[in-house]
Amino acid sequence: MGIAVLSGVIDSLDTISKLQNGFPEKWESHTPGTLTPVGHSDDASIPSRFIACVSREESARKLRHIFSGLGALGSTVEVLAGKNLEAVQTADVVLLCCKPQLAYTILSAEGIKEALHGKLLISILAGITMNQLKGWVLPSTRVVRAMPNTPCKIREGMTVVSNLPPSEHEETDRAIILKIFSSIGRCRFLEEKHFDACTALSGSGPAFACIFMEAMADGGVMMGLPRAEALELAAQSMFLQGFLSLNV
């Protein structure tokens with residue numbers, strides 16, 4: 001899911017950079033992994049550097065290959081293997097996108113708590129509550145839960161974010177979260193008590209839709225349609241009905 005989110009954000013920023021003011025490229029590259037949006041450098045809510053962390057070098061090589069295919073902006077993503085502390089120390093905003101069972105191990109590693117001091121931590125881990133996350137970091141860390149889904153990769157996702165607690169950083173944090181998740185689909189803020197339902201409905205919804213779509217296509221095949229055409233008809237029907245439901 002972390003790859004889907006980052007890929008969607010990069011695609012969104014790359015599209016904006018090409019459209020602004022009619023220039024084919026709108027980003028100045030200074031150092032590897034650092035991109036400055038011209039004319040918006042004072043906007044703290046716009047991401048200017050991306051660092052992805054994995055545990056193994058083999059995974060790092062795969063990610064570098066994936067991101068290199070996302071254009072000039074994607075090729076600047078820094079992928080670090082086994083260097084979580086270095087990345088967290090460098091970052092202002094941290095997205096926790098690991099498997100839920102690894103969250104405690106990662107957050108309790110030496111130096112991570114201190115590195116997260118005063119920073120925004122956004123967790124997309126299903127089933128890991130705010131109370132759990134807050135218990136694993138310092139009180140100064142601003143913790144938020146988010147539940148995106150896989151269509152984020154093509155910027156058609158749905159993300160639910162937990163309500164932000166009142167603080168001096170609330171306005172900036174909200175802007176950052178909206179910049180990230182609104183650029184890859186729709187984003188809504190809800191109380192955390194709704195997250196189990198959101199996980200089932202929105203997080204798992206695309207998988208349910210695929211099963212239903214496949215069943216529709218199977219019905220078409222049983223009535224004599226070729227498989228490819230039956231699947232296309234089923235997929236387009238679901239897509240159009242979803243679009244109509246949201247826009248009419």
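**Aromatic pair**

I count two rings of Phe, Tyr or Trp as a pair if their centres lie within 6.5 Å, taking the six-membered ring for Trp, and planes over 60 degrees apart count as edge-to-face. With that in hand I went through the structure, which is a predicted model, and found that it holds 1 aromatic pair. The partners are Tyr 104 and Trp 136, whose ring centres are 5.5 Å apart and whose planes meet at 65°, so I entered the pair as edge-to-face.

I then looked up where the two rings sit in the fold. Tyr 104 belongs to helix α5, residues 103-107, and Trp 136 to helix α7, residues 130-136, so the pair ties together parts that are 32 residues apart in sequence. For Tyr 104 I noted a relative accessibility of 48%, which counts as partly exposed, whereas Trp 136 is buried, with a relative accessible area of 18%.

**Charge over a ring**

I also checked for a charged side chain over an aromatic face, and I recorded that Arg 174 lies over the face of Phe 189, at 4.1 Å from the ring centre.

**Second largest pocket**

Next I turned to the second largest pocket, for which I noted about 1,100 Å³ of space. Its lining is made up of 30 residues, and those that lie nearest the centre of the pocket are Asn 149, Pro 151, Glu 156, Gly 242 and Leu 246. Going through the elements that give two or more residues to this lining, I listed the strands β8 (157-162) and β9 (185-190) together with the helices α9 (195-203), α10 (205-222) and α11 (227-247). Which of these elements gives the most to the lining? It is α11, with 9 residues.

By residue type, I recorded that the lining of this pocket divides into 18 nonpolar, 10 polar and 2 charged residues. I also looked at the domains, and the lining draws at least three residues from each of domain 1 (1-11 + 45-190) and domain 2 (204-246).

**Helix α9 and strand β8**

Since α9 and β8 are both listed for the pocket lining, I looked up some single residues in them. Ser 202 has its place in helix α9 and is buried, with a relative accessible area of 13%. Its C-alpha atom is separated by 8.6 Å from that of Val 160, although the two residues are 42 residues apart along the chain. Gly 203 also lies in helix α9, but at 28% relative accessibility Gly 203 counts as partly exposed. From Gly 203 to Gly 157 I noted 9.5 Å, C-alpha to C-alpha, for a separation of 46 residues in sequence.

In strand β8 I looked at Thr 159. Is Thr 159 buried or exposed? At 0% relative accessibility, Thr 159 counts as buried, the cut-off being under 20%. Thr 159 and Ile 124 are 35 residues apart in sequence, and I noted 9.6 Å between their C-alpha atoms.

**A backbone angle**

Last, I checked the loop between β7 (142-147) and β8, where Arg 155 lies. Most residues other than glycine have a negative phi, which is why I made a separate entry here. Arg 155 has a positive phi of about 65° although it is not a glycine. For the same entry I added that Arg 155 is partly exposed, with a relative accessible area of 27%.

How values were computed:
Residues are numbered from 1 along each chain as its sequence is written. This is a predicted model: local features need pLDDT of at least 70, side-chain atom pairs count only at pLDDT 80 or more; totals for chains, interfaces and linings use all residues. Side-chain values use heavy atoms; hydrogens and water are left out. Rings of Phe, Tyr and Trp (its six-membered ring) pair if their centres lie within 6.5 Å; planes under 30 degrees apart count as stacked, over 60 as edge-to-face and the rest as tilted. Helices (H or I, at least four residues) and strands (E, at least two) are DSSP runs, numbered from the N terminus. Buried means under 20% relative accessible area, exposed over 50%, partly exposed in between (1.4 Å probe, protein chains only). A charge sits over a ring if NZ of Lys or CZ of Arg is within 6 Å of the ring centre and within 35 degrees of the ring normal. On a 1 Å grid over the protein atoms alone, a cavity is a set of points where a 1.4 Å probe fits but cannot get out, and a pocket is an open set with protein on both sides within 12 Å along at least five of seven lines; lining residues have an atom within 4 Å of a point. Grid points are joined across faces, edges and corners, and a volume is the space filled by probe spheres set on the points. Ala, Val, Leu, Ile, Met, Phe, Trp, Tyr, Cys and Pro count as nonpolar, Asp, Glu, Lys and Arg as charged, and the others, Gly among them, as polar. Domain bounds come from an automatic or database domain assignment.
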